[in-house]
Amino acid sequence: MLDGTRRGLLVGMGGALVAGAAAAVTLRQGTPGRKLGLAVVGLGSYATRQIMPRLAGCESIRLTALVSGTPEKLTRYGTEYGIPKTHHYSYANYDSIRDNPDIDAVYVILPNALHAEYTIRAAQAGKHVLCEKPMAVSAAEAEAMVAACRKAGRKLMIGYRSRFEPYNRHAIELVRSGFLGKPRLITAESGFTISPNQWRLDKPLSGGGSLMDIGIYSLQAARYLSGEEPVEVNAMESTDRSDPRFRTVEDRIDFQLKFPSGLIADCVSSYSSNHNAHRVTGTEGWVWMEPATVYEGQQMWVRKGGKMEPRVLPAPAKNQFVGQLDHFAECVLTDRDPIVPGEEGLRDMRLIEAIYRAAREGRTVRMAAA
């Protein structure tokens with residue numbers, strides 16, 4: 001559903017959730033050895049190369065079903081992961097997951113424009129949802145997703161894996177503890193040189209260009225490193241429209257966030273240059289990570305008292321993927337709120353819309369109080 005009827009569809013689905021919630025399977029919370037049953041929705045490269053292989057290392061969640069529009073993928077990955085054909089679903093019969101007690105939750109790993117629809121349909125089927133970032137293609141869709149899961153009594157978590165990565169978590173601790181003094185400046189750079197001919201360059205599917213895909217890491221970093229919510233947004237776009245990759249989406253968009261404390265974040269989002277770094281500068285020192293949000297291999301340096309040194313952390317018991325998946329499962333099984341709920345994704349979508357508006361109109365956009 002990529003046309004103008006999307007909003008009506010989402011509202012209609014939200015109104016039908018009462019019946020879905022009544023049919024939801026009740027989890028056996030507190031049962032020793034209980035693992036959450038997960039259906040992966042969308043069998044693209046991120047799902048099959050990053051998420052599904054990590055499930056074997058999880059303590060609280062297991063793969064129980066697959067959803068794809070490609071029968072060959074269902075057969076191939078069903079065989080690889082031991083998923084019976086009774087637990088293979090197409091997008092057409094997706095709603096019948098409601099009848100499968102082996103599915104407690106879904107992980108939506110589809111093009112951005114499909115996140116809202118498949119999240120709401122999962123909630124309607126009585127399933128909890130982990131949804132990839134960005135949460136949706138608009139704040140209105142994100143609001144509908146939050147409302148749908150709330151009405152159905154289902155958990156909604158967004159796949160911000162860096163919140164479970166040890167170096168990013170340590171950087172947050174350094175800032176919160178006052179080790180750096182009063183934070184004054186954050187720089188967050190995210191970008192890569194994108195290859196042509198992929199859905200991320202098709203605005204109806206992606207919702208936007210680099211900001212929706214990679215720039216959201218800079219936005220998230222500014223928010224979780226500061227511990228504050230921006231009150232003002234400025235932005236500037238630079239896109240070569242003669243480049244066939246950027247017919248419908250932006251290439252580079254740099255943005256600035258001002259926080260209530262006076263802290264400022266300078267952020268980069270790019271599809272034509274390579275960036276992966278975060279730095280927080282305080283009145284007494286700084287912490288710098290480069291690379292910061294890669295799948296593995298983060299590095300950190302800290303400067304304080306005129307001395308700079310590398311900071312090497314011990315290998316974690318769980319990498320960021322396993323940590324994210326187990327956290328989601330444990331929140332469902334113990335009925336607690338995830339650290340990155342749907343409301344977190346909604347805040348990012350409101351800020352993304354403000355960034356686009358600031359760049360388009362060439363002015364400062366002030367954020368409404370939460």
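In this predicted model, Asp335 is exposed, with a relative accessible area of 53%. The threshold for that class is over 50%. Asp335 lies in the loop that runs between α10 (320-334) and α11 (342-361). Although Asp335 is not a glycine, its phi is positive, at about 55°.

A positive phi is also found at Asn197, likewise a residue that is not a glycine, with a value of about 60°. Asn197 belongs to the loop between β7 (183-191) and α8 (203-206). The relative accessible area of Asn197 is 78%, and the residue is therefore classed as exposed.

Cis peptide bonds occur in the backbone at two prolines, Pro134 and Pro291. The bond between Lys133 and Pro134 has an omega of about -15°. Pro134 is placed in the loop connecting β5 (128-131) with α6 (139-152). For the bond between Glu290 and Pro291, omega is about 0°. Here the proline, Pro291, sits in the loop between β12 (285-289) and β13 (300-304).

The interior was examined next. The largest nonpolar core comprises 110 residues, and within this core Ile61, Val106 and Leu156 touch the most other members. Helix α9 (residues 210-226) supplies the largest share of the core, 10 residues. The surroundings of Val106 were listed with residues up to four places away in sequence not counted. On that basis, Val106 touches Leu38, Ala39 and Val41, then Tyr94 and Ile97, and further along the chain Ala122. Its remaining contacts are Lys127, His128, Val129 and Leu130. Three of the residues touched by Val106, namely His128, Val129 and Leu130, fall within the range of strand β5 (128-131).

The largest pocket encloses about 970 Å³ of space. Its lining is made up of 39 residues, and those nearest the centre of the pocket are Ser45, Tyr46, Arg200, Asp213 and Tyr295. Two or more lining residues are given by each of the elements α3 (45-51) and α9. Of these, α3 provides the largest share of the lining, 5 residues. Helix α9 thus appears both in the lining of the largest pocket and in the largest nonpolar core. Sorted by class, the lining of the pocket contains 18 nonpolar, 14 polar and 7 charged residues.

Note on methods
Residues are numbered from 1 along each chain as its sequence is written. This is a predicted model: local features need pLDDT of at least 70, side-chain atom pairs count only at pLDDT 80 or more; totals for chains, interfaces and linings use all residues. Side-chain values use heavy atoms; hydrogens and water are left out. Helices (H or I, at least four residues) and strands (E, at least two) are DSSP runs, numbered from the N terminus. Buried means under 20% relative accessible area, exposed over 50%, partly exposed in between (1.4 Å probe, protein chains only). A nonpolar core is a set of buried Ala, Val, Leu, Ile, Met, Phe, Trp, Tyr and Cys residues joined through side-chain atoms within 4.5 Å. Contact means heavy atoms within 4.5 Å. On a 1 Å grid over the protein atoms alone, a cavity is a set of points where a 1.4 Å probe fits but cannot get out, and a pocket is an open set with protein on both sides within 12 Å along at least five of seven lines; lining residues have an atom within 4 Å of a point. Grid points are joined across faces, edges and corners, and a volume is the space filled by probe spheres set on the points. Ala, Val, Leu, Ile, Met, Phe, Trp, Tyr, Cys and Pro count as nonpolar, Asp, Glu, Lys and Arg as charged, and the others, Gly among them, as polar.
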